[in-house]
Amino acid sequence: MATIEECRAALEELAGRLASASAAVREAAGVERTVSCHVTDLDVTFTGRLSGGRLEVRDVLPGRPSEPARIRLSTTGDDLLALVAGTLPFPRAWATGRLRLEAPLRDLLHLRTLL
């Protein structure tokens, strides 16, 4: 089972990849949104902000946050690590329910190049 530290490192790696991504990907991530990632097996939520083509991981909170983020992901720690490592394809994780993604349709369409 993945640890909180491993999950945070994976999210930081994802943030680093986004920062060094192509201009088209950074433009798609240029929206200003709050984001959260609930790691179900650890019952913690990482919160952050997507702004100016950058993802900033800010806090880790026990359970679910009292105010939901605009873009919300939910998965297990092991699946989060596999998604970031590229061994679990995003479409398969989403289609099989191993990853839940909740966001307004407009945001999903705008962010489709990130997914």
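This report walks through the fold, the buried residues and the charged side chains of the structure above.

The model is predicted, so local features need pLDDT of at least 70 and side-chain atom pairs count only at pLDDT 80 or more, while totals for chains, interfaces and linings use all residues. Residues are numbered from 1 along each chain as its sequence is written, and side-chain values use heavy atoms, with hydrogens and water left out.

**The overall fold**

Let's start with the layout. The chain has five helices and five strands; helices (H or I, at least four residues) and strands (E, at least two) are DSSP runs, numbered from the N terminus. Read from the N terminus, the order of elements is α-α-β-β-β-β-α-α-β-α.

The chain counts 115 residues, and 37% of them are buried. Here buried means under 20% relative accessible area, exposed means over 50%, and partly exposed lies in between (1.4 Å probe, protein chains only). About 6,600 Å² of the chain is exposed, with carbon and sulfur atoms supplying 55% of that area. These accessible areas come from the Shrake-Rupley method with a 1.4 Å probe, and for residues only the protein chains shown count as cover.

Contacts, meaning heavy atoms within 4.5 Å, also reach along the sequence. Among those between residues at least 6 apart in sequence, 57% join residues at least 24 apart. One pair to look up in the viewer is Glu-12 and Val-84: they are 72 residues apart in sequence, and their C-alpha atoms are 10.0 Å apart in space.

**Buried residues in strands and in helix H3**

His-38 sits in strand E1 and is buried, at 6% relative accessibility. Neighbours within four places in sequence aside, His-38 touches Asp-43, Val-44, Thr-45, Gly-63, Arg-64, Leu-73, Ser-74 and Thr-75.

Ser-74, in turn, belongs to strand E4 (residues 71–75) and is buried at 8% relative accessibility. With neighbours within four places in sequence again left aside, Ser-74 contacts His-38, Thr-40, Arg-64, Arg-98, Leu-99 and Arg-100.

Helix H3 covers residues 77–85, and its buried residues are Gly-77, Asp-79, Leu-80, Ala-82, Leu-83 and Val-84. Those buried residues pack against H1, E1, E4, helix H4 (90–95) and strand E5 (99–102). After H3 comes Gly-86, which has a positive phi near 90°.

**Salt bridges**

The structure holds seven salt bridges. A salt bridge is a side-chain nitrogen of Lys or Arg within 4 Å of a carboxyl oxygen of Asp or Glu. Three of them are set out here.

| Pair | N to O distance |
|---|---|
| Arg-8 and Glu-12 | 4.0 Å |
| Glu-32 and Arg-49 | 3.2 Å |
| Arg-100 and Glu-102 | 3.3 Å |

Arg-8 and Glu-12 are four residues apart in helix H1 (residues 4–19), so about one helical turn separates them. An α-helix has 3.6 residues a turn, so residues three or four places apart point the same way. Arg-8 is partly exposed at 28% relative accessible area, and Glu-12 is partly exposed at 37%.

What does the bridge between Glu-32 and Arg-49 tie together? Glu-32 is in the loop between helix H2 (23–28) and E1, whereas Arg-49 is in strand E2, so the pair links parts that are 17 residues apart in sequence. Glu-32 is partly exposed with a relative accessible area of 43%, and Arg-49 is partly exposed with 21%.

As for Arg-100 and Glu-102, Arg-100 is partly exposed at 45% relative accessibility, and Glu-102 is partly exposed at 28%. Salt bridges with shared partners join Arg-72, Arg-100 and Glu-102 into one network.

**A negative patch on the surface**

Which residues gather in a patch of negative charge on the surface? They are Glu-5, Glu-6, Asp-41 and Asp-78. Patches are made of residues with over 30% relative accessible area and no salt bridge, with like charges joined within 9 Å and nonpolar side chains (Val, Leu, Ile, Met, Phe, Trp, Tyr) within 5 Å. Lys and Arg count as positive and Asp and Glu as negative, while His and the chain ends are not counted. The place of a charge is taken as NZ of Lys, CZ of Arg, CG of Asp or CD of Glu.

Within this patch, Asp-41 lies in the loop that runs between strand E1 (33–39) and strand E2 (44–51). Asp-41 is partly exposed, with a relative accessible area of 30%.
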